[in-house]
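Me: I'm new to this one, so could you show it to me and explain the words as we go?
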Amino acid sequence: MIGFYTVMEGVIAFFLIAGGAFAFIGALGLTHLRDFYMRLHGPTKTTTLGVGCVLIAAMSYFSLLHGGVSFQEMLITIFLFITAPVSAHLLAKSALHQKLPRDPRTEDDIEELREDDDEEETSGERRS
Amino acid sequence: MLDIAFWISLALFTAAMLLCLYRAAIGPDLPDRLLALDTLYVNSIALIVLFGLWLDDKTYFEAALLIAMLGFISTVAVCKYLLRGDIIE
Amino acid sequence: MIPVQPWLPMPLLSVLLLAVWLMLQQSVALGQVLLGTLLAIVIPLVTRHFWEPQPTIKRPWLLVRYVLRVLGDIIVANLEVSKLILDPRGRMKPAFIEYPLELEELFPITILASTITLTPGTVSANLRQDRRTLLIHALNTDDIPATIDTIRERYERPLKEIFGC
């Protein structure tokens, strides 16, 4: 018979390795993809989930050892999931503002990237 | 089992941080470097949490929380600077 | 719901602040509850001039369903992006998509943009000045109208229902 602790240990080990793997893939995307806009995808999605996985593992570990539910990890996770899209949005905006080069296969017929643009009109502002 | 998983995870996060550092060093444009630094701080949160797990000490979570907040604020501030040439409007 | 009082301009924010304070302190001792309540009353009073009025959540249960759906989609999206990054041939077809918004208020648009960034292979890049178009960068898309339809059906319509606008 497999005990409760063994199962929980397996779950925590799985979350730790999955988190590490996701973060590593995100960083791999950051180094290997061809242009900035594509590189933006790796870190914003995979790294956030990777760190989320590690935090969930830590939460279950401390709950298992010391009893009770610890909320601090939960707060960090929620904070990361709220802030990651915001910083990605701002990074994409600053890249568009500087008109960084795109991969030739990108369909980029948009007014933000046309050369004769008046920049003040297109750099829309998001307040939240 | 948990020990092995812990070391694998630690190795993967360290490798991820090295890759980020590489991108921050070569990254052709400023937003590239900024993105690399942003990813670096998110990974460092995981590293600190893993370290706290290793030492069985909960104090490190507060450090992780502080890094999360300061990292986000600095990314936003530098982005604002790139967008407007000014931080406070 | 708690009614709005002159000394309590944003009840929901106050409850949230108290909850976060207690979670940070890891205790529900009387002193912490009192200090948290004090902060939950003082902080909204001090910052109330910074907040623009936002639409209220009309249907909380739909919001719960929406959050669960987004959590599931985050995992699927991560597996997809990982597959694309690890694909040695690297056959990707990135595109910029102009997404015409149906939502009008800023807070729902913020939630929609965040959801788009966290979910299926897309990053929101710019909200135009007139708030009618959201610029999206997709990592790999063959069919732009289909992507727009997916976002509209899966995320924007539920958000419209939640905020009742």
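Reply: Sure, starting with a term: a polar contact is a pair of N or O atoms within 3.5 Å, where within protein one must be able to donate a hydrogen and the other to accept it, and residues adjacent in sequence count only if both atoms are side-chain atoms. Across the interface of chain B and chain A, 5 residue pairs are in polar contact, both at pLDDT 80 or more. This is a predicted model, where local features need pLDDT of at least 70 and side-chain atom pairs count only at pLDDT 80 or more, while totals for chains, interfaces and linings use all residues. Residues are numbered from 1 along each chain as its sequence is written, chains are lettered from A in the order in which they are written, and side-chain values use heavy atoms, with hydrogens and water left out.

Me: Why is the pair Arg39(A) and Asp32(B) called a salt bridge?
Reply: The rule asks for a side-chain nitrogen of Lys or Arg within 4 Å of a carboxyl oxygen of Asp or Glu. The closest N and O atoms of Arg39(A) and Asp32(B) are 2.9 Å apart, so the pair fits. The count between chain B and chain A is 1 salt bridge.

Me: What about chain A and chain C, how many salt bridges does the rule find there?
Reply: It finds 0 across that interface. There are 3 residue pairs in polar contact between chain A and chain C, though, both at pLDDT 80 or more.

Me: What makes residues count as being in contact?
Reply: Having heavy atoms within 4.5 Å. On that basis 49 residues from chain B meet 52 residues from chain A, and 45 residues of chain A touch 42 residues of chain C.

Me: And what is the buried area between chain B and chain A?
Reply: About 4500 Å², with 76% from carbon and sulfur atoms. Buried area is the accessible area (1.4 Å probe) that two parts lose on being put together, summed over both. Leu2(B), Leu35(B) and Leu83(B) supply 14% of what chain B buries against chain A, more than any other three residues. For chain A and chain C the figure is about 3800 Å², 67% of it on carbon and sulfur atoms.

Me: Which helix of chain B gives the most to the side that touches chain A?
Reply: Helix 2 of chain B, with 15 residues. Helices here are DSSP runs (H or I, at least four residues), numbered from the N terminus.

Methods: Helices (H or I, at least four residues) and strands (E, at least two) are DSSP runs, numbered from the N terminus.
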